[in-house]
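User: I would like to learn how to read burial, contacts and helix packing in a model of this kind. Could you take me through some cases one at a time?

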Amino acid sequence: MMPIVIAADVRKTFGSVLALDSVSIEIAAGQVLCIVGPSGSGKSTLLRCINQLERIDSGAIWVDGELVGYRRIGHKLYELTDAEISRQRLTSGMVFQRFNLFQHMTVLENIIEGPMTVQKRRRSEVIEEAMALLERVGLSAKRDAYPSELSGGQQQRVAIARALAMKPKLMLFDEPTSALDPELVGEVLAVMRDLARSGMTMIVVTHELGFAREVANEVVFMDRGAIVERGSPQEVLMHPKQQRTRDFIAAVLA
């Protein structure tokens with residue numbers, strides 16, 4: 001079966017900075033890939049390229065069997081229109097460091113906005129599904145609250161529910177706990193553990209090495225835009241072969 005995500009020799013620069021240096025990954029449906037590494041190593045850029053928030057300079061990315069950002073006709077590639085890119089982007093849901101909730105909308109309104117306006121689905125059906133998602137993330141009692149009335153952990157759980165409301169085949173998490181107070185991290189990771197157990201395909205950029213050890217099928221360590229080491233959590237996090245990986249893990253655990 002074809003992997004749900006294939007990135008092949010992806011390069012991305014920002015001016016003179018090489019953000020991604022010939023990065024290649026694959027992830028099968030139902031798998032959890034955790035990407036770890038120091039700040040500025042290209043982890044978030046890779047996620048943003050997969051979700052077409054950044055355009056790659058060379059290489060190729062396929063998501064759910066479709067070439068991302070381009071249409072191939074014969075031997076030529078043609079850039080997709082903004083509308084076509086928006087359609088492709090619906091395959092994946094993305095959860096950012098910051099929660100990016102609409103401050104003027106209630107929790108429920110935040111979750112139903114996308115399915116109703118983008119997918120043109122019935123309000124009654126969408127509300128029913130949204131309430132089930134709020135139950136799943138432990139926030140059904142907060143349906144009428146506004147984001148400003150919630151803790152950071154609660155806002156992030158709403159952000160996860162909002163992404164899931166679009167019924168994506170793939171979930172991308174860009175350091176979803178890095179902006180949270182330490183005591184709130186656990187409640188977000190618990191929701192993500194539940195998602196992983198349910199069979200959701202996930203790519204998670206994280207500094208939570210314990211979470212990566214527990215839920216990942218594969219761990220990738222990145223530094224300076226390149227993949228330094230990859231393998232099972234046991235191999236990469238417990239018995240890393242590369243000195244750069246060992247130094248990073250020692251620094252995180254110090």
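User: Which residues does K43 touch, not counting residues up to four places away in sequence?

Analyst: In this predicted model, K43 touches I35, V36, G37, P38, E175, V205 and M222, once residues up to four places away in sequence are set aside. One of these neighbours, G37, also offers its backbone oxygen, which the side chain of K43 reaches at 3.0 Å.

User: Does K43 count as buried or exposed, and how is that decided?

Analyst: The general idea is to compare relative accessible area with a cut-off, buried meaning under 20%. K43 has 3% relative accessibility and therefore counts as buried.

User: Where is K43 found, and how many residues of that helix are buried?

Analyst: K43 is found in helix α1, which spans residues 43–50. Six of the eight residues of α1 are buried, so this helix is largely enclosed by the rest of the structure; the buried residues are K43, T45, L46, L47, C49 and I50. After α1 comes Q52, whose phi is positive, near 60°.

User: Turning to helix pairs, how should I read the angle between α5 and α6?

Analyst: Angles under 35 degrees count as roughly parallel. Helix α5 (residues 152–164) and helix α6 (residues 182–197) pack at an angle of about 20°, and their axes are 8 Å apart. That angle is why α5 is described as roughly parallel to α6, and the crossing of the two helices is right-handed.

User: Which residues make the contact, and how do they divide by character?

Analyst: From α5 the contact draws on G152, G153, Q154, Q156, R157, I160 and L164, while α6 contributes L184, E187, V188, V191, M192 and L195. The residues of this contact of α5 with α6 divide into seven nonpolar, four polar and two charged.

User: At what angle do α3 and α4 cross, and what is the handedness of that crossing?

Analyst: The axes of helix α3 (residues 107–117) and helix α4 (residues 123–136) come within 9 Å and cross at roughly 130°. Since only angles over 145 degrees count as roughly antiparallel, α3 and α4 are therefore oblique to each other. Their crossing is right-handed.

User: Which residues of α3 and α4 meet, and how many of them are nonpolar, polar or charged?

Analyst: V107, L108, I111, I112, P115 and M116 in α3 meet R123, V126, I127, A130, M131 and L134 in α4. By character, the residues in the contact of α3 with α4 are 11 nonpolar, no polar and one charged.

Note on methods:
Residues numbered from 1 in each chain as written. Predicted model: local features only at pLDDT ≥ 70, side-chain atom pairs only at ≥ 80, totals over all residues. Heavy atoms only, no water. Axes fitted to C-alpha atoms, helices over the stretch in contact; angles between N-to-C directions. Helix = DSSP H or I, 4+ residues; strand = E, 2+ residues; numbered from the N terminus. Parallel < 35°, antiparallel > 145°, perpendicular 65-115°, else oblique. Left-handed = near helix turned anticlockwise from the far one by under 90°. Contact = heavy atoms within 4.5 Å. Nonpolar A, V, L, I, M, F, W, Y, C, P; charged D, E, K, R; others polar. Buried < 20%, exposed > 50% of the residue type's maximum accessible area, 1.4 Å probe, protein only. Polar contact = N/O pair within 3.5 Å; in protein donor to acceptor, adjacent residues only side chain to side chain.
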